[in-house]
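Grab your favourite viewer and load the model. The exercises below walk through it one step at a time, each with a worked solution.

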Amino acid sequence: MIPASVTSIAEDAFDGCPQLVIRCSASSVAYAFAQAHGIAVELLEEAPDITYGDLDGDGSVGAADALNILQFAAKLAIPTDTQKLCADVDGNGSVDAKDALYVLQKAAKFIDVFPVEE
Ligand SMILES: [Ca+2]
Ligand SMILES: [Ca+2]
């Protein structure tokens with residue numbers, strides 16, 4: 001398979017592979033490449049379900065996750081696309097201190113769900 005992180009493929013990369021089937025997601029460069037070159041494509045599922053607020057992926061929402069969000073907000077760390085999605089718990093399109101506050105509220109059980117989940 002070809003991961004979504006692949007952003008360019010040489011024109012002749014698959015010459016001599018008539019049985020080739022590219023496994024990729026519909027939004028990937030590999031998919032567009034396959035379409036353009038008449039190569040069979042087997043579509044992969046899109047990104048797996050995410051847990052809002054769980055930035056470190058330990059399965060729970062806690063203070064460490066809020067800290068991650070603050071680091072992203074302060075540009076001390078660069079979030080991946082998935083992390084950006086997880087971190088924007090109020091769903092306003094940006095990762096900032098307010099998202100961290102929501103994560104802390106959820107960790108302290110002041111709220112049950114994030115605004116983005118309502
Ligand atoms: Ca966590
Ligand atoms: Ca936000």
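What follows is a set of exercises on this predicted model, each solved in steps.

**Exercise 1. Find out how confident the predictor is, and which elements mark the two ends of the range.**

Start with the whole chain: the average pLDDT is 89, and 97% of the residues score at least 70. Next, go element by element. The lowest mean pLDDT, 85, belongs to strand E1 (residues 21-24). The highest, 98, goes to helix H4 (residues 97-107).

**Exercise 2. Write down the order of the elements and describe the overall dimensions of the chain.**

Count first: the protein chain has 4 helices and 2 strands. Reading from the N terminus, they come as β-α-β-α-α-α.

Now the dimensions. Along the principal axes, the C-alpha atoms fill a box of roughly 60 × 25 × 25 Å. For 118 residues, a compact globule would have a radius of gyration near 13 Å, whereas this chain comes out at 19 Å. Then check burial and contacts: 25% of the 118 residues are buried. Of the contacts with a separation of 6 or more, 44% link residues 24 or more positions apart.

**Exercise 3. Work out how H2 and H4 are arranged relative to each other.**

Step one is the axes: those of H2 and H4 come within 8 Å and cross at roughly 180 degrees. Step two is the label. Angles over 145 degrees count as roughly antiparallel, so H2 is roughly antiparallel to H4.

Step three is to see who touches whom. On the H2 side you get Ala 63, Asp 65, Ala 66, Ile 69, Leu 70 and Ala 73. They meet Ala 97, Asp 99, Ala 100, Val 103, Leu 104 and Ala 107 in H4. If the spacing of those positions looks familiar, recall that an α-helix has 3.6 residues a turn, so residues three or four places apart point the same way.

**Exercise 4. Which residues of H2 and H4 are buried, and what covers them?**

Take H2 first. Its buried residues are Asp 65, Ala 66, Asn 68, Ile 69, Leu 70 and Phe 72, and their cover includes H3 and H4.

Then do H4. Here the buried residues are Asp 99, Ala 100, Tyr 102, Val 103, Leu 104 and Lys 106. H2 and H3 are among what covers them. Notice that polar names such as Asp 65 and Asn 68 are on the H2 list, and Lys 106 is on the H4 list.

**Exercise 5. Map the nonpolar cores.**

The largest nonpolar core has 15 residues. Within this core, the members touching the most others are Ala 66, Ile 69, Ala 87, Val 89, Ala 100 and Val 103. The elements giving two or more residues to it are helix H2 (63-73), helix H3 (81-87) and H4.

Zoom in on one member. Skip the neighbours within four places in sequence, and Ala 66 is in contact with Ala 100, Val 103, Leu 104 and Ala 107. Those four residues also appear on the H4 side where H2 and H4 meet.

Don't stop there: a second, separate core has 6 residues, including Ile 22, Cys 24, Tyr 31 and Ala 34.

**Exercise 6. Explain where Lys 75 and Lys 109 sit, and check their phi angles and exposure.**

Lys 75 lies in the loop between H2 and H3, just after H2. Its phi is positive, about 60 degrees, even though it isn't a glycine. Lys 75 counts as exposed because it has 8 C-beta neighbours inside 10 Å, and the cut-off for exposed is 12 or fewer.

Repeat for Lys 109, which is in the segment after H4. Phi is near 65 degrees, again a positive value in a residue other than glycine. With 7 C-beta neighbours inside 10 Å, Lys 109 counts as exposed too.

**Exercise 7. Compare separation in sequence with separation in space for two residue pairs.**

Pair one: Asp 15 and His 37 are 22 residues apart in sequence, and their C-alpha atoms are 10 Å apart. Asp 15 is in the segment before E1 and is exposed, with 10 other C-beta atoms within 10 Å.

Pair two: Gly 62 and Ser 8 are 54 residues apart in sequence and 38 Å apart, C-alpha to C-alpha. Gly 62 is in the loop between strand E2 (40-43) and H2. Having 18 other C-beta atoms within 10 Å, Gly 62 is partly exposed.

Terms used: Residues numbered from 1 in each chain as written. Chains lettered and ligands numbered in written order. Predicted model: local features only at pLDDT ≥ 70, side-chain atom pairs only at ≥ 80, totals over all residues. pLDDT = per-residue confidence, 0-100. Core = buried A, V, L, I, M, F, W, Y, C linked by C-beta atoms within 7 Å. Buried ≥ 20, exposed ≤ 12 C-beta atoms within 10 Å, placed from the backbone. Contact = placed C-beta atoms within 7 Å. Rg over C-alpha atoms; globule rule 2.2 N^0.38 Å. Axes fitted to C-alpha atoms, helices over the stretch in contact; angles between N-to-C directions. Parallel < 35°, antiparallel > 145°, perpendicular 65-115°, else oblique.
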